[in-house]
Each structure stands twice: as structure tokens, then as C-alpha cells.
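The following exercises are to be worked with the sequence and the model at hand. Each task is followed by its solution in steps.

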Amino acid sequence: MTAIMSVTDVGRSFGGFVALAGITAEFERNKVTAVIGPNGAGKSTFFNVLSGVLAPSTGSIRFKGQELKGLKQHRFAHLGIARSYQITNLFPHLSVEENVRVAAQALRTRYDILRHRESYPELPQKAEAALAQVGLLHRRGRRARDLAHGEQRALEIAIALVADPELLLLDEPTAGMGPEETKDMVALIERLAADRTILLVEHKMKMILGLSDRILVLHHGRLIADGTPAAVQSDPEVRRVYLGQ
Ligand code: ADP
Ligand code: MG
């Protein structure tokens with residue numbers, strides 16, 4: 001197995017509350033790994049720690065061999081880690097294209113200060129490529145707030161894609177979607193998974209089972225199962241705490 005990311009004994013507390021406790025796992029390159037668990041299990045906290053939004057209280061995170069602990073969030077982006085959020089995070093009054101350009105601009109400014117001034121591609125091309133990838137090019141002139149919910153979630157993914165991430169973390173990308181929009185999002189994730197590593201928090205079990213190479217189950221901040229969809233589905237503890245069986 002070629003792991004693109006390895007986490008060792010990663011924990012995160014808020015005051016005295018332990019939201020994540022001693023997580024050890026590896027994420028294989030170009031695979032889809034789902035992170036599931038009941039509300040409050042620590043899934044979003046885990047993603048926040050893996051994407052540099054929150055520092056871990058304990059443990060180590062390595063990405064392509066490099067220790068990430070102590071790095072700022074924009075460094076995570078430059079190394080190739082990007083994420084979408086559980087809650088919509090757009091500029092509603094800006095156009096679809098402006099939303100993506102703002103993200104690309106923010107990234108480039110930091111890129112320039114670091115050392116990649118020459119190699120960073122042009123903003124318009126960058127924005128256009130990201131919108132094309134998620135199938136939103138035809139909506140480029142619309143205000144973000146005028147998009148359908150499913151299109152807004154796709155736009156958030158386009159924003160994450162401007163960093164050309166090798167590792168993409170999607171926190172509940174189908175939240176609030178009906179069956180049609182969910183189907184479109186699954187197709188998008190499948191396309192994106194062809195040449196990058198995806199970590200996914202989701203509640204829709206059928207979708208997870210169809211999409212994932214591997215499933216991690218969190219419960220009260222602990223990793224209680226880690227394996228193939230078949231193995232995790234038949235795991236007695238998972239059935240008890242998560243599936244309610
Ligand atoms: P999930 O995404 O699995 O629903 P979260 O990671 O959002 O769970 O939250 C896990 C636990 O950590 C919850 O009990 C939540 O209230 C707590 N928590 C998350 N973020 C914070 C924070 N910034 N401050 C205090 N507690 C938090
Ligand atoms: Mg969450």
C-alpha cells in the first residue's frame with residue numbers, strides 16, 4: 001500500500017473535552033476513504049485536523065512523508081491538501097466565477113510570497129478549469145446565491161480544486177440534497193477520484209458503500225473500525241453503536 005497520508009495517535013481536545021482520541025490510520029493514494037459515525041463522533045474535527053484548520057493536541061500527521069504538525073493551513077493547501085466544509089462557505093453576492101477566482105487569488109498571493117511565483121498558472125485558466133471539472137462552466141456568470149443547492153456544493157468543490165489538491169477532503173458533500181442532486185454529486189466524486197485521493201464524511205450509507213474503497217468508523221472520538229465496506233458492515237461493534245442493530 002502506498003499511503004499518501006499517515007496519521008499516528010492523533011488527538012484533539014477542547015478544554016477538558018476529548019473530541020478525538022488517539023487516531024492511527026493510513027490513507028492510500030487515489031482511493032476513496034469514507035469517515036462515518038454518529039453526530040458528535042468527531043468526524044469534522046478529524047477533517048479540521050487533517051486539513052490544518054485545527055492543530056492536533058497530540059500525535060503526528062505525515063503527508064507524502066512530511067510532518068504537518070505545526071504548519072499553518074495555507075501550507076497544507078500548497079502541499080496539496082484541500083477541503084470543503086459541512087456548511088456552505090460561499091460569497092453569495094459574487095458570481096460563480098468570482099467565487100473561484102477569489103479562492104485562487106488568495107492562494108496565489110501566499111504562493112508568490114513563498115517561492116512559486118513563476119510556476120503558478122494564471123487565475124482565469126485556473127478558475128475555468130476548476131469550474132469545468134465540476135460541470136459549472138455554464139453557470140460562471142450567475143450569482144452564487146442564485147444557484148441550486150447542489151450547484152452551490154459543486155461550486156465549493158471547485159473552490160477546493162483551484163489548489164490542485166492531491167488529497168481532497170469533503171465534509172458531507174450531499175448534506176441537504178435530494179436523490180437527483182445526490183446522484184450528480186456521486187458522479188462528480190467518482191470523476192474526481194480517478195486521479196486524486198478523497199476522504200469523505202457522509203451519512204448516506206448506500207452512497208458510502210458504492211463509492212468507498214475503505215471506511216473508518218468514529219464513535220465518541222475513537223476509531224472503532226477501519227476496513228473494506230464489507231468488513232465494516234459486518235463488524236459487530238459498528239452494527240451496535242452506529243447502525244443500531
Ligand atoms: P461530527 O462532525 O462527527 O458530528 P464534530 O467533530 O463536529 O462531530 O464534534 C465532535 C465533538 O467535539 C462534539 O461533541 C462537538 O460538540 C465538539 N466540538 C467540536 N468543535 C468544537 C469546538 N470548537 N469547541 C468545543 N467543542 C467542539
Ligand atoms: Mg460534522
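**Exercise 1.** Which residue in β4 does S6 stand opposite?

*Solution.* The model is predicted, so that local features need pLDDT of at least 70 and side-chain atom pairs count only at pLDDT 80 or more, while totals for chains, interfaces and linings use all residues. Residues are numbered from 1 along each chain as its sequence is written, and chains are lettered from A and ligands numbered from 1 in the order in which they are written.

Step 1. Locate the strands, which are DSSP runs of E of at least two residues, numbered from the N terminus, as are helices (H or I, at least four residues). β1 covers residues 3-14 and β4 covers residues 58-63.

Step 2. Establish the pairing, for which DSSP must find at least two bridges between two strands. Five antiparallel bridges link β1 and β4.

Step 3. Read off the partner: S6 faces R62 of β4.

**Exercise 2.** Follow β4 into β5 (residues 66-67).

*Solution.* Step 1. The two strands run antiparallel and are joined by two bridges. Step 2. F63 has Q66 in β5 as its bridge partner. Step 3. Two residues lie between the strands of this hairpin, where K64 adopts a positive phi near 50°.

**Exercise 3.** Identify which element gives the most to the shell around ligand 1.

*Solution.* Step 1. A residue belongs to the surroundings if its C-beta atom, placed from the backbone, lies within 6 Å of the ligand; among those around ligand 1 are F14, N39 and K43. Step 2. β2 (17-28) and α1 (43-50) each supply at least two residues. Step 3. α1 gives the most, with three residues.
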